[in-house]
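Let's take a walk through this structure together. We'll look at one helix up close, then move on to a pocket.

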Amino acid sequence: MHLLWGALAASASLPFSQAAVKNHTGNGFPNGRAAVPFPNVVYPGASVPYAVAGAKTNQTSPPSYPSPWGTGLGDWAEAYEKAIAFVSQLTLTEKVNLTTGVGWEGDKCVGNNGAIPRLAFNSMCMEDSPLGVRDTDFNSAFSAGVTTAATWDRQLIYQRGFDMGSEHRDKGVDVQLGPVVGPLGRAPEGGRNWEGFSDDPYLAGQAVMATVQGMQDAGIMACTKHFIGNEQEHFREPGEFDGVELPGYSSNVDDRTMHEMYLWPFADAIRAGTASIMCSYNQINNSYACQNSYTLNHLLKNELGFQGFVMSDWSAQHSGVSSALAGLDMTMPGDESFDSGTAYWGANLTIAVLNGTVPQWRLDDMCVRIMAGYYYVDRPNNMVPDAPNFSAWTTDTYGPYHWYANKDVTQINYHVDVQGNHAQGIRALAAAGTVLLKNNGALPLTGNERLTTVFGEDAGENGWGPNGCGDRGCDNGTLAMGWGSGTANFPYLITPQEAIKAEVRANNGNFESVTSSAAFNQMQALANRVGQPGVGGACIVFANSDSGEGYITVDHNEGDRNNLTLWNAGNHLIKTVADYCNNTIVVMHTVGPVLVDSFYDHPNVTAILWAGLPGQESGNSITDILYGKVNPGGKTPFTWGKTRASYGTDLLYMPNEGDAAPQLDFDAGIFTDYRGFDRRNETPIYEFGFGLSYTTFSYSNLQVQSHGITPYVPTTGNTPAAPTYGTVSNDTSDYLVPEGFDRVPVYIYPFLNSTSLNASSGDPMYGIDYTFPAGGYDSSAQPYLGAGSNVAPGGNQQLYDVIFTVTADITNTGSVVGDEVAQLYISLGGPSDYNAKVVLRGFDRITISPGATVTFSADITRRDLSNWDIDTQNWVINDYPKTVYVGTSSRKLYLSSPLDTSSSGSSNTTSSSMMSSASSYSTSTVWSAPVSSASTESAASTESAPWTASTPETTPWAASTESAPTWSAWSAASSGW
């Protein structure tokens, strides 16, 4: 979503320009934009010799029409019956009101569609964010998505979703604008990666599924976002850059990468029943996401069978008729630009239906989809009084209901406390998502240390208050969430400094701290004291790295991070303390990976913890870990590389096509994060899925059970013809502004100003000779896609058939109870330029008592074993040998077994594109692991870098011979009205 300032001005009164004034060494470019050294998407020193055909500059997106109409597949049937009954009662203007936002600051939420007073139907409230209710008070500030994913705990993830949904419900919100799986995290510097879960599509998919289920079980609609390819903040939408007006960037993605990476978690959200999907700002293959007929009509609504409604990101709509035909169902906030009073839809959508450029069935489908989502989560039985009982524009009790128009002063905030007992869950999840990266026996602390010291600004308070920076647009004090629209106000923020101090004093210990980033002399003196003979104690150093949404710039970071270093001179801070203190414990609050090469193997750095973005209970959760009240069990949801170049992908910081749309080529294909590290045989410092514990575990007794299964059958048959509900009068006088109507200035209405459609449109280009895609008007029965479904959302339902069940025994060989996250990976086989060495396909977090053995179990589905075949446009299980691995991370895979897929029922087991370079494949190139029992590293491990490949590649990676489909030249861009 986009910036919101009115509400925050009331509580913080900080202009955006002040968000960029702070400049500390190590986080940003002192000279601003001119210092940006990397204008391309491959960082200097990185190498991507396997660029994927199809992910290329000026790629085009094929047309796909008509927009599929919802039919109530699966468990949506009852919701569709109710939605159809409701929509059948509506007039044309009432239908238009459902689809169109009333304008920025037009109502009480960051987004509202129009009401239907005749039926006593209030406008729907759309409100951020993915980690709590934004722009209000007496709400909770939950852990961010990236910390949530680090728990690898489906139950905790579900409960977080339920608690967030409950708070939105009790504030009177209808649609919570979250969760996030776009960005997925293609490049680690991406500004909004932290709002999502992980750059691995399987982990992200499991997390979004549990989150959607939790949120909607609380009785509100989830809006999964941002669809799709929204992987950076720079140039995400049209705007001025150094005096040049630029279109939004284009994410150029090949067909297979789209399916196996970026679309994958959205499919899981749809299977979970997400009521809404938000289309993103960027272009995909040079067609804007909110009018891209291929991604919305073909992929989302046809192939994945999405039954809910597509909502635009705020001002991400760039056309009227074209966006309607391409599959957009609701436009937010409704006006063409903020507070403009003009709109692509509203009255213009009324006109479009009357003049036939938008067929009635398309409008009816929009409305049915919106109302189906409403009934699917049972909104009528989850209403609260005075809803919404807050205003997104101020925390004052009284003020104008219509904020921008300064009209209708009344009580707009009821200050309802919705927190319940959620603090307990936030604390538990943040601790569960903390990852122990290194421990030489320093942790857990005993509480008997004679002198405990804390260092770094990240340990302390923001001097302006926890909510003193609008939308958290600064890096003052401890970091508990990133910045932007994906935030919430803190009800309070427990800092590490205060929580550790309380713990120390409860044990009658001594505590001192230095939190000023500039006080290096004082840091040296205090660290030196701890290291003196006879003193004994611990030096706990806190450092962070921040990022956020592009409408706020912090220390020259325009949303995206400029680098992967710690902020506020964090690396220098750690070295300063470690050089003097022989028991230095590092705690990092970061939005993603940072470079730790300067200190991770320092002999005095005895432990390293990644605490992510923990939310309001930050200090309590890290203290629970430090003092052993909670045994760390989190696993890193991304890879920690040795250098920035290690990642092989980067962002686009400078335009690369003159005044045309910047081109962001996804030429790494599926080989991002650990897949790319594995392919390049690059040894990371900490691999994906890595994390230590205060106990140890062993793995043994891998068993694979094969299930009988029927052959995979592509879906066939046709949909019903497009239905219409009610009739539309052709008398334009029926749609004029009602006599005596009290109009709110710049509010978006569906009414006409004149019986002349031309005059009412206000568009000088009205009536020009323009031909819209003919297929957009075809209301006849349409064929289902073979990869789609006529049964339930989520694609061909046979993809979710269980083919194998894998079990393994895990024993706690240590002396304390602990959680182990068992991880299942599969080698899909094939040439090294086609498939990753291993891909995550299962996990479970299990609590195990000392000496006890538990059985880990995971199902492997057809989808888990399949690749997307660009020729047949379907999922196939190829003939390459496949192996399942079970272990503790992507590179510590202790147990393995071949998988016999000869009877898996794939109707097209091998395509020509998959056979290329087949001779280069060798099972020995996957890291070897013993098939007998194996123990994980102990809490006192001194291993400075996780295991290296046992059979390194000796030849360069072969260039890919895969070809992409021709995404023929038709851009969904339109002149609009």
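**A helix and a pocket**

Start with helix H5, residues 154-170: at 1.5 Å a residue, its 17 residues should span 24 Å, and its end C-alpha atoms are indeed 24 Å apart, so the two values agree. Keep in mind that this is a predicted model.

Now look at how H5 begins and what comes after it. At its start, Asp153 reaches in with a side-chain oxygen, which comes to within 3.0 Å of the backbone nitrogen of Gln155. After the helix comes Gly172, and its phi is positive, near 90°.

Which residues of H5 are buried? They are Ile157, Arg160, Gly161, Asp163, Met164, Gly165, Ser166, Glu167, His168 and Arg169. As a rule of thumb, an α-helix has 3.6 residues a turn, so residues three or four places apart point the same way. And what covers the buried residues of H5? The cover includes two strands, S2 (125-127) and S3 (175-176), along with helices H4 (145-149), H6 (201-217) and H13 (422-432).

Next, the pocket. The largest pocket holds about 790 Å³ of space. It is lined by 39 residues, and the closest to its centre are Ala115, Ile116, Phe121, Asn122 and Ser123. Helix H3 (92-99) and strand S11 (398-402) each give at least two residues to this lining, with H3 supplying the largest share, three residues. What kinds of residues make up the lining of the largest pocket? Sorted by class, 23 are nonpolar, nine are polar and seven are charged.

Key:
Residues numbered from 1 in each chain as written. Predicted model: local features only at pLDDT ≥ 70, side-chain atom pairs only at ≥ 80, totals over all residues. Heavy atoms only, no water. Helix = DSSP H or I, 4+ residues; strand = E, 2+ residues; numbered from the N terminus. Expected span 1.5 Å × (residues − 1). Buried < 20%, exposed > 50% of the residue type's maximum accessible area, 1.4 Å probe, protein only. Contact = heavy atoms within 4.5 Å. Polar contact = N/O pair within 3.5 Å; in protein donor to acceptor, adjacent residues only side chain to side chain. 1 Å grid on protein atoms, 1.4 Å probe; cavity = no way out; pocket = protein on both sides within 12 Å on 5 of 7 lines; lining within 4 Å. Points joined across faces, edges and corners; volume = space filled by probe spheres on them. Nonpolar A, V, L, I, M, F, W, Y, C, P; charged D, E, K, R; others polar.
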